[in-house]
Amino acid sequence: MTMPLIGSDALSYAEALPPDWPGSFWAHIFFWVILLILFITVIVLLFTWLERRWLGRLQIRPGPNRAGPFGLLQPIADVFKLLLKEDIVPDKADKWVHWLAPVVALAPALLVFAVIPFQDGALLADLNIGILFILAVSSMVVIGVFMAGWGSSNKYSLLGAMRTIAQEISYEIPLVLSIVGVIIISGTLSLNEMVKAQQDVAFIFVQPLGFIIYITAALAEVARTPFDLIEADSELVAGFHTEYSGMKFALFFLVEYAETLAVAAIATTLFLGGWQGPFLPPWMWFIIKLFAVFMFIIWVRGTLPRLRIDQVMGFAWKFLLPLALINVVITGVEVLAWPDAPLLALGIINLVVAAVLVLLMSKLFKLGGGRVPV
Amino acid sequence: MAFKTEHFMLNVGPQHPSTHGVFRMRFTLDGEVIVDLEPIFGYLHRGIEKLAEDRTYTQNIPFTDRLDYLASMTSNQAYCMAVEKLAGITVPERAEYIRVIMSELQRIASHLAGIGFFLQDLGAFMTPLLYMFREREKIVDLFDMVCGQRLNYNYLRFGGLSQDIPPEFIPALKKLVNALPGFIDEYDRLISENEVFLVRTKGVGILSREMAISSAAAGPVLRGSDVNWDIRKSNPYSVYDRFEFDIPVAKTGDSFDRYWVRLQEMRQSVRIIEQAIEQLPEGDVQAKVSRLLKPPAGDAYVSIEGPKGEIGFYLVSDGSVKPYRWRVRPPCFINLTTLRDIIIGWKVADAMVIFGSIDIVLGEVDR
């Protein structure tokens, strides 16, 4: 079912709703907004707990285990701590920019979830351009982050913000291109339709190269290790949010995790078959896959050191971008030349191509040097 | 078209996650590139060298613990050897062997911490550090067994040790020594071939052979720069001439080489400990030394190979119970003097890597 944009035609939208959802348009919006905000908050709290526990296990230590069973109350304790903390605004900071930054960053991070299907048709707005909406909205987080860096009037923050701009804009390009392959194969921009297209084979098997590029670029987008130089703690203390405390810091924290959640959700939807799965109810499959992707991200975080800014940029432009372009071309040719091919056959071809390309590129691609004569 | 740009000053420290204490670096930056660096230190200055002149020789042993607090045993040993040279005391053989075991264990412990913090600076979030500390913890437990302390041991005395090792020490040590090569291999596997680690460290912060020699650098920093100089070999002290071991030397002098030398040194230390356990004689661990030591007037300098480099003590005695002059040759401090030359031209991110690869302890730099 293709939906018009929200608000453009409320009546027809309400008519097109699935019968088991609350009837009116506004009830639907209200229900979903509340549900999404609750969902994001709860999942983010769970994520912070999971990240610390799982990271603890990776680092041969128990992780937080004092507050509540298995330390489950730890996130709540953290929230209370942050709520009670003093909100400090530096003297020289640009007060308005400093104040607005977390809000500006939070809004797009939450908006992304409007188009993500939790099960068939269960989403706030089934936009027919869903994936474009996500790409457009999620890149706006950068504005908030840069405002934070600029408004704090702190050199660490400014360096962090400069890195943010450079990194997030660069990785946007391979990120978008990696998704194009999925769009070509599924022939739709609506996320719900994309999930339906993965009825038989999840796109991770059809687009292995696309998935690798997506997950790498997405790690850079949300500034996770090894691309976490935006808030590189051993260099920039805390990067753009060095000067934030209390609830504003908590908001940035929420942004960071909401973004990671969004990445996990998009990866689930586009590549891992979304809510498709046997036995369990669809929404449960969605959440299980979400957590699987998130645990993979933490695993990477617990394993790899950090790259340097020029290496990060070089990696985006010289490694990921050519691979993503080649992937788009190959997928396009395949779909044109063999329109009714079984997905699995395409997948096997793509897997071989991906392996060859990645091996070849890793031989050709060299990072190094980096010293600038002064 | 060239943009008009301005340099700006970035102050890193004294309170900063990767300054390993209270070290301060004032960078002049062109974007992210370091144009100039002014290292500022002394935040941890306690005036140990002056304070020591007002205490008896024995009272000064705990001071040496507090220089390089990650390698107290070797500081202990260097100081005790200096006093023994000054007063002409001979140490029983068993004590010498135990000293060697202790200082090699200390070398492993110090290198483990050094590599762990180095990787922490590289941005590997705590995992390597905690893996390193897993083994360091076992070594610290052994130290706890012999002297009841986990950080500032104060174990050595002039002419021997404060006490003999307990009977359960050798079995525990053997168990650890058998396990250690496996762990070192594990670190080698996990770290040395990691692509991200390699691109961040290979060729970064090259300390040339000439500069390393002319700046009097020592330890892994010197041996990373293709200089085969280890006091254990070049001027064997204690009983080091009875052991077989190699001196790992790397060619280029970059951050990776300094890391690599540390890793290989741990293997050699394990070899030395194995041989020392084999040869460990029975007997006394303490020579007869007067409680209130009054060395004859004169001076003595003794330097030994500590984990971080050549740690030496220069003592002048006027024949009284207190040293007339008490001076340390601090390896961390002298290695640190190379920092500005090897850091300029690299980016802020590299600065932390290069700084971490030198592996300093502020307690010794500031004294």
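Start at the meeting of the two chains: 32 residues of chain A and 34 residues of chain B make up the contact, where two residues touch if their C-beta atoms, placed from the backbone, lie within 7 Å. Before you click further, note that this is a predicted model, in which local features need pLDDT of at least 70, side-chain atom pairs count only at pLDDT 80 or more, and totals for chains, interfaces and linings use all residues. Residues are numbered from 1 along each chain as its sequence is written, while chains are lettered from A and ligands numbered from 1 in the order in which they are written.

**The chain A side of the interface**

Select α11 (233-236), α13 (282-303) and α14 (309-337) of chain A: these are the elements that give two or more residues to the side touching chain B. Helices here are DSSP runs of H or I with at least four residues, strands are runs of E with at least two, and both are numbered from the N terminus. Colour that side of chain A by class and you get 14 nonpolar, nine polar and nine charged residues. For the colouring, Ala, Val, Leu, Ile, Met, Phe, Trp, Tyr, Cys and Pro are nonpolar, Asp, Glu, Lys and Arg are charged, and the others, Gly among them, are polar.

**Staying in chain A: helix α6**

Now pick residues 141-151, helix α6 of chain A, which is mostly covered, with nine of its eleven residues buried. Buried means 20 or more other C-beta atoms within 10 Å of the residue's own, exposed means 12 or fewer, and partly exposed is in between, with C-beta atoms placed from the backbone. Among the buried ones are A:Val141, A:Val145, A:Phe146 and A:Met147. What do the buried residues of α6(A) pack against? Show α4 (95-111), α5 (130-138), α7 (155-186) and α12 (246-271) of chain A to see the partners. Just after α6(A), stop at A:Ser153, where phi is positive at about 55°.

**Two more stops in chain A**

Jump to A:Phe70, in the loop between α2 (25-58) and α3 (74-84) of chain A. Its phi is near 55°, a positive value in a residue other than glycine. A:Phe70 has 13 C-beta neighbours inside 10 Å, so it counts as partly exposed.

Next, find A:Leu357 in helix α15 (residues 343-364) of chain A. With 18 other C-beta atoms within 10 Å, A:Leu357 is partly exposed. Leaving aside neighbours within four places in sequence, A:Leu357 is in contact with A:Leu209, A:Leu323 and A:Ile326. If you want to try the distance tool, A:Leu357 and A:Lys289 are 27 Å apart, C-alpha to C-alpha, and 68 residues apart in sequence.

**Over to chain B: a helix pair**

Show helix α4 (residues 93-121) and helix α5 (residues 127-147) of chain B, whose axes come within 8 Å and cross at roughly 160°. Axes are lines fitted to C-alpha atoms, for helices over the stretch in contact, and angles run from 0 to 180 degrees between N-to-C directions. α4(B) and α5(B) are therefore roughly antiparallel to each other; the bins are under 35 degrees for roughly parallel, over 145 for roughly antiparallel, 65 to 115 for roughly perpendicular, and oblique for the rest. Among the residues making the contact are B:Leu105, B:Ile108 and B:Leu112 of α4(B), and B:Met132, B:Phe133 and B:Ile139 of α5(B). The residues of this contact divide into 15 nonpolar, two polar and two charged.

Keep α4(B) and add α3(B): the two pack at about 140°, with their axes 8 Å apart. That makes α3(B) and α4(B) oblique to each other. The contact is made by B:Met73, B:Thr74 and B:Gln77 of α3(B) with B:Arg99, B:Met102, B:Ser103 and B:Gln106 of α4(B). By class, the α3(B)-α4(B) contact has two nonpolar, four polar and one charged residues.

**The sheet of chain B**

Select the open sheet of three strands, antiparallel and in the order β6-β7-β8 (chain B); strands pair if DSSP finds at least two bridges between them. The edge strands are β6 (298-306) and β8 (323-329) of chain B. Neighbouring strands are turned by 10° against each other on average, direction ignored. β6(B) and β7(B) (residues 309-317) pair over nine bridges, and B:Ile304 stands opposite B:Ile311 in β7(B). Helix α3 (residues 72-87) of chain B packs on the sheet, touching β6 and β7 of chain B.

**Last stop**

Finish at B:Ser238, in the loop between α10 (231-234) and α11 (255-279) of chain B. Phi of B:Ser238 is near 50°, a positive value in a residue other than glycine. B:Ser238 counts as partly exposed, with 17 C-beta neighbours inside 10 Å.
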